[in-house]
Amino acid sequence: MPPRNLGDAATRLSEAVHEARQHLGARADLDLEPDEYEYIQLFTATLEGVRVGATGLLTTLTQERDHTANSSTV
């Protein structure tokens, strides 16, 4: 049985992923998958057909944002 604070964290993570899905729309497919013990959630995202983790998603979206910002100031 997972500790209570781990369950609370999993709930907050699930809520954050749900909110992120609303913001990203069809841009990225976000998933939370249980690990083999079923109380640890693994975050993955599929972006343009490529499966990435949280860091990969953040890097890609940050680069796109910066590119868009630089393009609009030129």
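**Close-up views of a predicted model**

**View 1. The open sheet and its strand order.** Three strands in this predicted model form an open sheet of order 1-2-3, and their pairing is antiparallel. Strand 1 (28-34) and strand 3 (50-52) are the edge strands, each of them pairing on one side only. On average, neighbouring strands of the sheet are turned by 30 degrees against each other, direction ignored. Strands of a sheet pair through backbone hydrogen bonds, in either a parallel or an antiparallel manner.

**View 2. Packing of helix 1 on the sheet.** Helix 1 (residues 4-24) packs on the sheet, where the helix touches strand 1 and strand 2. The direction of helix 1 makes about 165 degrees with that of strand 1.

**View 3. The pairing of strand 2 with strand 3.** Strand 2 (residues 41-47) pairs with strand 3 in the antiparallel sense, over 3 bridges. Thr 46 has Arg 51, in strand 3, as its bridge partner.

**View 4. The span of helix 1 and the residue that follows.** Helix 1 comprises 21 residues. From its first C-alpha to its last, helix 1 reaches 30 Å, close to the 30 Å expected at 1.5 Å a residue. Gly 25, just after helix 1, adopts a positive phi of about 55 degrees.

**View 5. Confidence along the chain.** The average pLDDT of the protein is 86, and 92% of the residues score at least 70. Among the elements, strand 3 has the highest mean pLDDT (92) and helix 1 the lowest (87). Where pLDDT is low, the predicted coordinates should not be read in detail.

Key
Residues are numbered from 1 along each chain as its sequence is written. This is a predicted model: local features need pLDDT of at least 70, side-chain atom pairs count only at pLDDT 80 or more; totals for chains, interfaces and linings use all residues. Side-chain values use heavy atoms; hydrogens and water are left out. Two strands pair if DSSP finds at least two bridges between them. Helices (H or I, at least four residues) and strands (E, at least two) are DSSP runs, numbered from the N terminus. Axes are lines fitted to C-alpha atoms, for helices over the stretch in contact, and angles run from 0 to 180 degrees between N-to-C directions. Contact means heavy atoms within 4.5 Å. pLDDT is the predictor's confidence in each residue, from 0 to 100. The expected span of a helix is 1.5 Å times one less than its number of residues.
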